[in-house]
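Trainee: Could we go through this structure together, one question at a time, with the reasoning spelled out?

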Amino acid sequence: MTAAPQPLQPPVQPTAHASRGPARPPLDGRKAMIECRGVQKYYGDYHALRGIDLTIREGEFFSLLGPSGCGKTTLLRTIAGFEGIDGGVVLVDGRDMANVPANVRPTNMVFQSYAIFPHLTVAENVGFGLRRDPRSRAEKAAAVEDALGMVGLKGYGGRAAHALSGGQRQRVALARALILKPKVLLLDEPLSALDRKMREQMQVELIKLQRQVGITFVLVTHDQEEALVMSDRIAVMFEGEIAQLDGPEALYARPASRRVADFIGVMNFTPARIMGGGADHVTVAVPGFGTVDIPAANVSRADRGDAGPSIGFRPEAATLLPAGAEAPGRVTEGVIDEVVYYGDMTYYDVIMDGSDAYDGVPHEVRISMRNVFGREVPDVGTRVRVSWSPGSLVLFR
Amino acid sequence: MATANSTETGQGLRLIAPPLLYAILMLAVPLLTILAYSFFKDGYLTIVREFTLENYRATWADPIFRTILARSLMVAAMVTAVTVLMAFPVAYFLSFVVAPQRKALWIFLITIPFWTSYLVRVFLWKVILGFNGVINSGLKTIGLIDEPLKFLLYNTGSIVMTLSHSYAPFAILPIYVALEKIDRSLLEAGRDLGESRLMTFWRVTLPLAMPGVVAAVLIVFIPTIGDYVTPTVIGGGKIPMVANLIQAQMLDIDNKPLGSAIAISAMAVVAVLSLLFLFLNRRFLRVRA
């Protein structure tokens, strides 16, 4: 693999930096905790899972990401044992889960609705799964208090469950699952009911918690930012199939298909014509960008229904140059068509010169720039020079 | 703000005035009359308007009243137990097994018994259970018995059977509503936390269904204590309940003050028992989000 395309600016994902804590040992050598082999699931005529193959390693923070209806929750419920499968095999910790009911699987779940028992106190909720635990009553109470402390709810044990806020319910649900020391913790959209600030706080807390307990976490989410922030690896699913399984950086920088690229973050797409190529690159003509050699590592596939080949790049992969400035990469020119100001950064929609060469319609590209104090935000209609490098373009063919 | 509120209150009062007036006239006034009568003296065919506690003393000193009240409570308790125990599986089936689009049809079917009057239904049970009734003639025809079975009618069992059937929908519906309100993910959570289906039912479903069960118990228990028709028709008058006693005092013997005292005493007992029952189940009835 050639050098990874280096975005000229860091990605505009503030939480991503806040949470990428100390480097963790590589997961490559670890044993498989969950293995799905050709898992099929039908609801009547509806083909919900179309041959899912994946391996989740011990201690991994794994995310299933996709739009609603893509089968991610079905897959999670299949692992939990709430749904049977119509083909394939699911192994948890090397053991075939066929005919193993949900209540004896080594997995625990945090439900989307949290499923806090409303007739029990917080402590009774957390201790629900300890009924057959041989420990004494006092030891169990101490374990419950420890679990509550782990999620920051020390002293809340006596409260009625229905008197809790959304964030507190979430923590109770976590404590209730983790107290049983499962091999796998399954999280079904656990943060979707929280407001933005709370969600970002819980993302960081979940990552810390996962590193602390070392349990394999499998998270289902439709929020690509959440998946990028929290996961070691992400499986992007569309229509019952895994479209790409990769780490967050690879997923963001080199999406396997145009559809994945479109789902993860913002990406500009511009139609392209393939002119030729070599062993390590493909030469394409891109209206507004000229002729570009795309590194072979950056060549992905198009999806069914795409009009033809296209190139894509992230808004932060290009820079608007101040007048007269020199840039290391290539420079093309255009006109600012729209300015969207976000405080910390600004989106500029730029119509590149010659971008209408392909089909007679000018195509605009979105470029994001960090705002710097003292630097003027250019206005609509300003002619600008745009700096970019071929290594940060992805070709979908 | 105060004016706006008082206007709204006035509007509300005007809106509910007709039914309120009706309720006061038809419920509160007769009830207060009965209460007043119970403290008056009986002057054979007339009522002497002098305060006395003699009626209550006579009521509670009378062993017949105590026996009949105890029997009424017993029958009502049996009816309640049978009705609620049989209604729970029906409500459970309705809530958990029947497909959502069929639920309305099932609820409709359950209310069909209400299409005929209560009296007609009670008489139908007599036709079914009677000496020459459906069961006896049926069993005779297929040769299982030579003589009609006499234990079918005119006993406590037949009263319980008849009343249970009559009050079944009243028990099914509140339990069904309570079961419907249970978030299904709670049951999955119970399983996920290591409990079998049976234990999940015991630890999650049943406690959460208890508000419905409590409502069903009260809805069945309170009216059956005062039931008057079934003991007469199905019990054949041989097993009088407290309502029959009141009827006898009020109309046959024409001792309205004593009849009123019996009625108020029975009401007080039912009220105390109901409140006690609510108190015992208070932990299931806490507000929930």
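The questions below move from the whole of one chain to its hairpins and then to its interface.

Trainee: How many helices and how many strands are there in chain A?
Mentor: Please keep in mind throughout that this is a predicted model. The C-alpha atoms of chain A fill a box of roughly 75 × 50 × 40 Å along the principal axes, and within chain A the count comes to nine helices and 22 strands.

Trainee: What share of the 397 residues in chain A is buried?
Mentor: A residue is called buried when its relative accessible area is under 20%. The accessible surface of chain A comes to about 17300 Å², with 51% of it belonging to carbon and sulfur atoms. By that cut-off, the buried share of the 397 residues is 50%.

Trainee: Which residue in the hairpin of strand 1 and strand 2 of chain A takes a positive phi?
Mentor: Strand 1, residues 32–43, and strand 2, residues 46–57, run antiparallel in chain A and are joined by nine bridges, and one of the pairings sets Gln40(A) with its bridge partner Arg50(A). Two residues lie between these strands, and the residue in this hairpin with a positive phi, near 65°, is Gly44(A).

Trainee: In strand 13 of chain A, which residue stands opposite Gly276(A)?
Mentor: Strand 12, residues 273–277, runs antiparallel to strand 13, residues 281–286, with four bridges between them in chain A. A hairpin of three residues joins the two strands, and the residue of strand 13 that stands opposite Gly276(A) is Thr283(A).

Trainee: Following strand 13 of chain A onwards, how many bridges join it to strand 14?
Mentor: Here Val284(A) stands opposite Val292(A) of strand 14. Between strand 13 and strand 14 of chain A there are three residues, and in this hairpin Gly288(A) takes a positive phi near 95°. Strand 14 covers residues 290–295 and runs antiparallel to strand 13, and the number of bridges joining them is six.

Trainee: Which three residues of chain A supply more of the area that it buries against chain B than any other three?
Mentor: Contact here means heavy atoms within 4.5 Å, and by that cut-off 23 residues of chain A are in contact with 21 residues of chain B. The area buried between the two chains is about 2100 Å², and carbon and sulfur atoms give 57% of it. Of the area that chain A buries against chain B, 31% is supplied by just three residues, more than by any other three: Asn103(A), His119(A) and Phe128(A).

Terms used: Residues numbered from 1 in each chain as written. Chains lettered and ligands numbered in written order. Predicted model: local features only at pLDDT ≥ 70, side-chain atom pairs only at ≥ 80, totals over all residues. Heavy atoms only, no water. Pairing = 2+ DSSP bridges. Buried < 20%, exposed > 50% of the residue type's maximum accessible area, 1.4 Å probe, protein only. Areas by Shrake-Rupley, 256 points an atom, 1.4 Å probe, with all protein chains shown as cover. Buried area = accessible area lost by both parts, 1.4 Å probe.
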